[in-house]
Amino acid sequence: MPYEKRADGREMNELRPIQAKVGVVPNADGSALFGAGKTIAIAAVYGPKPLHPAHMKKADTGIIRCEYNMLPFSVTERARPGPSRRSKEISMITENALAGVIDLKRFPGTVIDVQIMIVQADAGTRCAGINAAAMALAHAGIVMKEMISSVAIGKIDDKIATDITKEEEDYHDGEGPTDIPFTITSNSKEITHLQLDGYIQTHRFKESIEAAKIACEKLNEIQIRALKGEEIDENKEKEK
Ligand code: CDP
């Protein structure tokens, strides 16, 4: 049956209700919570600090080290604790997505550790983790060339859908499910991370870039508001 309407009543270009708050891990140098619908991520930043083991040190630059993990009960079928192929891949793409906007040359010989914990998962966890991490880095006072925001775009019955849920991510529209996570910088609108899982035609792909840019602009506004001290929970705003 063709997909008539999004199950949660959203427009095709609408984000899920967003939650955003900084300072959620007081012992970290910077921290943030970012949620989109039922997906919730917490990021904590430690550093810049001296890098051990010393042989990994780079004299002319700092490095960023990200670790993405899911809590065992963040998903319906318990996720096995500890690193997996998936978590290693997501940690790596998160590092790459962030490295471009941090002036690591300012921190020679050091490491910035970014711990990302997915406390609840309903697709788009890598994007939520990146959004939380970017906020946590800014909250730690680490100078960033620009902010970054991340969103997963999907395709449902040939229509581009913003910020897809797990149900939408798994939806088979004849060509198969399509999931395209993007990370985009706030000013120059450069894509620092892009993955494609599934199938998409060129013109639809171009549309998905436009949808991601619009969504990331909205996300960026929310991230900035949270960094100014606002505690954002659009779930509560909707209930009012
Ligand atoms: O979360 P994201 O969309 O970035 O990555 P994914 O690998 O495409 O996973 C999509 C979703 O599958 C996750 O957000 C979870 O809701 C679910 N998942 C799960 O239930 N159990 C896992 N071990 C991994 C993912």
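Biologist: I start at Q195, whose side chain makes a polar contact with the side chain of R126. What distance goes with that contact?

Modeller: The model is predicted, so keep in mind that every value is computed from it. A pair of N or O atoms must lie within 3.5 Å to count as a polar contact. The Q195–R126 pair comes in at 2.9 Å.

Biologist: Which other side chain is joined to Q195 by a polar contact?

Modeller: That of H193, also at 2.9 Å.

Biologist: Where does Q195 sit in the fold?

Modeller: In the loop that runs between β9 and α4.

Biologist: Which residues does Q195 touch, leaving aside neighbours within four places in sequence?

Modeller: Contact is a looser test, with heavy atoms within 4.5 Å. By that test Q195 meets E89, I93, R126, D179, I180 and P181.

Biologist: Now helices. What span should α1 have, and what does the model give?

Modeller: Multiply 1.5 Å by one less than the number of residues. α1 has 15 residues, so the expected span is 21 Å. Its end C-alpha atoms are 21 Å apart, which agrees.

Biologist: Which residues of α1 are buried?

Modeller: The cut-off is under 20% relative accessible area. In α1 that picks out S87, I90, S91, I93, T94, A97 and L98.

Biologist: What do those buried residues pack against?

Modeller: Strands β4, β5, β6, β8 and β9, plus helix α2.

Biologist: On to pockets. How much space lies in the largest pocket, and which residues are closest to its centre?

Modeller: A pocket is open, whereas a cavity traps the probe. The largest pocket holds about 540 Å³. Its lining has 24 residues, with R86, A123, G124, K166 and E169 closest to the centre.

Biologist: Which element gives the most to that lining?

Modeller: α2, with three residues. α1, α2, α3 and β8 each supply at least two.

Biologist: How does the lining of the largest pocket divide by class?

Modeller: Nine residues are nonpolar, six polar and nine charged.

Biologist: What are the volume and lining of the second largest pocket?

Modeller: Its volume is about 270 Å³. The lining has 15 residues, and D8, R10, R16, K38 and T165 lie nearest the centre. Nine of the lining residues are charged, three polar and three nonpolar. Both α3 and α5 supply at least two residues.

Biologist: How many cavities of 30 Å³ or more does the structure hold?

Modeller: Two. The largest has a volume of about 80 Å³. Of its 15 lining residues, F34, A36, C127, S150 and D163 are closest to the centre. β2, α2 and β6 each give two or more residues to this lining.

Biologist: What classes line the largest cavity?

Modeller: Nine nonpolar, four polar and two charged residues.

Biologist: And the second largest cavity: how much space, and which residues line it?

Modeller: About 30 Å³. The lining is S149, I184, T185, S186, K189, K213, C216, E217 and N220. β8 and α4 each give two or more of these residues.

Biologist: Which element has the largest share of that lining?

Modeller: α4, with four residues. By class, the second largest cavity is lined by two nonpolar, four polar and three charged residues.

Conventions: Residues are numbered from 1 along each chain as its sequence is written. This is a predicted model: local features need pLDDT of at least 70, side-chain atom pairs count only at pLDDT 80 or more; totals for chains, interfaces and linings use all residues. Side-chain values use heavy atoms; hydrogens and water are left out. On a 1 Å grid over the protein atoms alone, a cavity is a set of points where a 1.4 Å probe fits but cannot get out, and a pocket is an open set with protein on both sides within 12 Å along at least five of seven lines; lining residues have an atom within 4 Å of a point. Grid points are joined across faces, edges and corners, and a volume is the space filled by probe spheres set on the points. Ala, Val, Leu, Ile, Met, Phe, Trp, Tyr, Cys and Pro count as nonpolar, Asp, Glu, Lys and Arg as charged, and the others, Gly among them, as polar. Buried means under 20% relative accessible area, exposed over 50%, partly exposed in between (1.4 Å probe, protein chains only). A polar contact is a pair of N or O atoms within 3.5 Å; within protein, one must be able to donate a hydrogen and the other to accept it, and residues adjacent in sequence count only if both atoms are side-chain atoms.
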